[in-house]
Amino acid sequence: MNKSVILVVEDDVRVRNLMTTTLKLHDYKYETASCGKEALTQTLSSRPDIVLLDLGLPDIDGKEVIATIRSWSQVPIVVVSARSEDHDKIDALDLGADDYLTKPFSVDELLARLRVVERRLQREKYEDRTSSMVKNGHIEMDLAAGIVRVNRQELHLTPIEYKILTLLMKNIDKVLTHTQITSHIWGHSEESDVAGLRVYMAGLRKKIERLDPISTYIQTHIGVGYRMQKVDLIEKQ
Ligand code: CA
C-alpha cells in the first residue's frame with residue numbers, strides 16, 4: 001500500500017518540523033503550509049490524502065479553513081489543537097473534521113491518528129455502498145431489515161438505541177460530537193440531550209457487552225463525543 005500524502009498546516013516551526021521529521025521517518029510524503037490561505041491553495045493544488053490542520057493559524061481561523069475545504073472536498077482532516085482551544089476542537093469536528101490531536105502530542109499519537117484515517121480511506125475504497133449490511137467485529141447490522149446481531153444473536157434495541165448504533169456503524173473510526181449525535185436522534189441539540197445521550201450510550205454498551213463481553217466498540221471522548229472503533233476479528237488476522 002502506498003503511503004498517503006499529508007498536508008501539514010502549522011505556523012509553529014518547531015511543531016511543523018517535528019511532524020515532517022516523523023512523517024519522513026515513516027515514509028510518508030508531505031507538503032507544508034504555514035497559514036490558512038496557503039492551506040487552501042495547497043489542498044487544491046497538491047490534492048493531499050490527509051490534511052493535518054493546526055487550529056490556531058495567523059491569518060484565517062482554522063475552523064474557517066475546514067468550512068471552506070468542506071465546501072468542495074471530503075479530504076480527511078485531522079485537527080491539531082492546544083488544550084485551551086478545546087471548544088474550537090468540538091466546533092472543528094462539527095464542521096466536518098474527522099479526528100483530532102491535542103498539543104502536546106507524542107509522535108506515536110500522531111502516527112496512530114494517521115493510521116486510523118488511512119484504514120478508513122482504504123475500507124471506503126472497497127466497501128460495497130449498495131449493501132445494506134454493515135459489519136464491525138462481531139456486530140452485524142442489516143439496515144434494510146432493521147436487524148442487529150452480535151455474535152450471531154439478535155440484539156434487541158429501542159428505536160433510539162438503534163438510531164445511535166446505525167450512526168456509529170456508518171462512521172466507524174470517526175469521532176462524532178455530542179451535537180452530531182443528538183441532532184441525528186432528536187433533530188436538535190440541547191445541553192439536556194447530552195445527559196440523555198449518556199444514558200442511551202450506557203444502555204447500548206451494556207446490551208452489546210452482554211453478547212460480546214470481550215471487544216470494546218464504543219470509545220468515549222470526554223467532553224467531545226463518541227467513536228465506534230474498528231474491531232478486527234482475530235480469526236481473520
Ligand atoms: Ca498555531
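In this predicted model, D54 is a good place to start: its relative accessibility is 3%, so D54 counts as buried, the cut-off being under 20%. D54 also helps to hold the calcium ion, which is coordinated by D11 (OD), D54 (OD) and G56 (O) at 2.2 to 2.4 Å. Along the chain, these donors follow the spacing D-x42-D-x1-G. Because D11 sits in the loop between β1 and α1 while D54 belongs to strand β3, the pair ties together parts that are 43 residues apart in sequence. Unlike the buried D54, D11 is partly exposed, with a relative accessible area of 32%.

From D54 the view widens to the sheet around it. Strand β3 (residues 50–54) pairs with strand β4 (residues 77–82) in the parallel sense, over four bridges, and the bridge partner of D54 in β4 is V80. Both strands are part of an open sheet of five, arranged in the order β2-β1-β3-β4-β5 with parallel pairing. At its edges lie β2 (29–33) and β5 (99–103), each of which pairs on one side only. From one strand to the next, the twist averages 20°. Helix α1 (residues 13–25) packs on this sheet and touches β1 (5–9), β2, β3, β4 and β5. The direction of α1 makes about 165° with that of β2.

A second open sheet has three strands, in the order β10-β12-β11, and here the pairing is antiparallel. Its edge strands are β10 (175–177) and β11 (218–221), each pairing on one side only. Neighbouring strands are turned by 30° against each other on average, direction ignored. Three bridges join β10 to strand β12 (residues 225–228) in the antiparallel sense, and L176 stands opposite Y226 in β12. Helix α8 lies across β11 and β12, and runs at about 150° to β11.

Helix α8 (residues 191–211) also takes part in an aromatic contact. A pair of aromatic rings is described by the distance of the centres and the angle of the planes. The structure holds one such pair. The rings of W186 and Y200 have centres 5.9 Å apart and planes at 50°, so the pair is tilted. W186 lies in helix α7 (residues 178–186) and Y200 in α8, so the two rings tie together parts that are 14 residues apart in sequence. W186 is partly exposed at 28% relative accessibility, and Y200 is likewise partly exposed at 28%. Another ring meets a lysine: K3 lies over the face of Y28, at 4.4 Å from the ring centre.

Finally, a few features of the backbone deserve a look. Most residues other than glycine have a negative phi, and most peptide bonds are trans. The peptide bond from K103 to P104, however, is cis, with omega near -5°, and P104 is placed in the loop between β5 and α5 (107–126). R47 has a positive phi, near 45°, without being a glycine. This residue lies in the loop between α2 (36–46) and β3, and R47 counts as exposed at 60% relative accessibility. N151, also not a glycine, has a positive phi of about 50°. Its place is in the loop between β8 (147–150) and β9 (153–154), where N151 counts as partly exposed at 31% relative accessibility.

Note on methods: Residues numbered from 1 in each chain as written. Predicted model: local features only at pLDDT ≥ 70, side-chain atom pairs only at ≥ 80, totals over all residues. Heavy atoms only, no water. Pairing = 2+ DSSP bridges. Helix = DSSP H or I, 4+ residues; strand = E, 2+ residues; numbered from the N terminus. Axes fitted to C-alpha atoms, helices over the stretch in contact; angles between N-to-C directions. Contact = heavy atoms within 4.5 Å. Donors = N, O, S within 2.8 Å, 3.2 Å for Na, K, Ca; no water. Buried < 20%, exposed > 50% of the residue type's maximum accessible area, 1.4 Å probe, protein only. Phe/Tyr/Trp six-rings, centres within 6.5 Å; stacked < 30°, edge-to-face > 60°. Lys NZ or Arg CZ within 6 Å of the ring centre and 35° of its normal.
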